[in-house]
Amino acid sequence: MNKALTLLLISAGLLMAALLTRNGDLIWMALPFLAYLGMGLAQSPTVSSIRLLATRSVEKTATEGTSAIEVSVSISNQGTTLVRLGLSDPLQAGMSLIDGQLKQSMALQAGESAVFKYTFRSERGTFAWKTIRAIVSDTFGLIEIQRDLPAEARIQVHPELNKFRPFQVWPQHTLHSAGSIPTRLGGSGTDFWGVREYH
């Protein structure tokens, strides 16, 4: 349940109980909750004031038969106010996280930037991203606004090729099959010479 809604329900419950029981102490108990809720509402960001820009980059490095992919997302606050946000980027099928975290919290002043980074491993597959999830909130985390910021990237991971000891594939004699087969000794070949009438 939302924190703001929980505080509102507690305050409303205390005020209702104070009215029913005619007990002034219950009103005093509700005041701190109402003050806390009011401060959160006063500091909560508005949708029009949120101006975030996200840029994603993906880099691949091969290690021990598998590929390690580093995902880096740069977040820039292009608004005029302080923004407290939580970022999350879920793993896709075939990914195995080896470094960093998929969720991160940060605070950005106006004009400030930060980098959200993690590394995963995969043997093969195609991975694509379109957005990154951002949850903007007030200082107390009471009011939250969820945004999906455009941050596109795509990478294809190919399986590593196994290296074999070189060997020759030159047969001693030609085979009775179609196609060009290099040999040490010449044969009749399979070139077309012509047709004759049927007898």
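## Starting from Ala-134

Which residues does Ala-134 touch, not counting residues up to four places away in sequence? In this predicted model, the list is Leu-85, Gly-86, Leu-87, Ile-145, Gln-146, Arg-147 and Leu-149. Ala-134 itself is found in strand 7. It counts as buried because its relative accessibility is 0%, and the cut-off for buried is under 20%.

One of those contacts is worth following up. Ala-134 and Leu-85 sit 49 residues apart in sequence, yet their C-alpha atoms are 6.4 Å apart in space. Seen from the other side, Leu-85 has its own set of contacts, again leaving out residues up to four places away: Leu-52, Ile-75, Gln-104, Ser-105, Met-106, Leu-108, Ala-134, Ile-135 and Val-136.

## The nonpolar core

Leu-85 also turns up in the largest nonpolar core, which has 28 residues. The members that touch the most other members are Leu-52, Ile-75, Leu-85, Leu-87, Phe-120, Trp-129 and Ile-132. Two or more residues each come from strand 1 (52–63), strand 2 (66–77), strand 3 (83–88), strand 5 (103–108), strand 6 (113–122), strand 7 (125–137) and strand 8 (144–157). Strand 8 gives the largest share, with 6 residues.

## Aromatic rings

Now for the rings. The count comes to 3 aromatic pairs. In one of them, Phe-120 and Trp-129 are tilted, with 6.3 Å from centre to centre and 55° between the planes. Phe-120, Phe-127 and Trp-129 together form one aromatic cluster.

Are Phe-120 and Trp-129 buried or exposed? Phe-120 counts as buried because its relative accessibility is 0%. Trp-129 has 5% relative accessibility, so it counts as buried too.

## Two salt bridges

How many salt bridges does a search of the whole structure find? The answer is 2. Side chains of opposite charge can pair when their charged atoms come close.

In one, the side chains of Arg-56 and Asp-89 meet at 2.6 Å, N to O. This pair links distant parts of the chain: Arg-56 is in strand 1, while Asp-89 is in the loop between strand 3 and strand 4 (96–100), 33 residues apart. Arg-56 is buried, since its relative accessible area is 8%. Asp-89 has a relative accessible area of 3%, so it is buried as well.

The other salt bridge joins Arg-133 and Asp-148, whose closest N and O atoms are 2.4 Å apart. This one also links distant parts of the chain, with Arg-133 in strand 7 and Asp-148 in strand 8, 15 residues apart. Here the partners are partly exposed: Arg-133 because its relative accessibility is 32%, and Asp-148 because its value is 40%.

## A nonpolar patch on the surface

Over on the helices, Leu-15, Ile-27, Trp-28, Leu-31 and Leu-34 make a nonpolar surface patch of about 460 Å². Helix 2 (residues 24–43) supplies the largest share of the patch, 4 residues.

And where does Leu-15 belong? Leu-15 has its place in helix 1 (residues 3–21). With 32% relative accessibility, Leu-15 counts as partly exposed, because that label covers values between 20% and 50%.

Key
Residues are numbered from 1 along each chain as its sequence is written. This is a predicted model: local features need pLDDT of at least 70, side-chain atom pairs count only at pLDDT 80 or more; totals for chains, interfaces and linings use all residues. Side-chain values use heavy atoms; hydrogens and water are left out. A nonpolar core is a set of buried Ala, Val, Leu, Ile, Met, Phe, Trp, Tyr and Cys residues joined through side-chain atoms within 4.5 Å. Buried means under 20% relative accessible area, exposed over 50%, partly exposed in between (1.4 Å probe, protein chains only). Contact means heavy atoms within 4.5 Å. Patches are made of residues with over 30% relative accessible area and no salt bridge: like charges are joined within 9 Å, nonpolar side chains (Val, Leu, Ile, Met, Phe, Trp, Tyr) within 5 Å. Accessible areas come from the Shrake-Rupley method with a 1.4 Å probe; for residues, only the protein chains shown count as cover. A salt bridge is a side-chain nitrogen of Lys or Arg within 4 Å of a carboxyl oxygen of Asp or Glu. Rings of Phe, Tyr and Trp (its six-membered ring) pair if their centres lie within 6.5 Å; planes under 30 degrees apart count as stacked, over 60 as edge-to-face and the rest as tilted.
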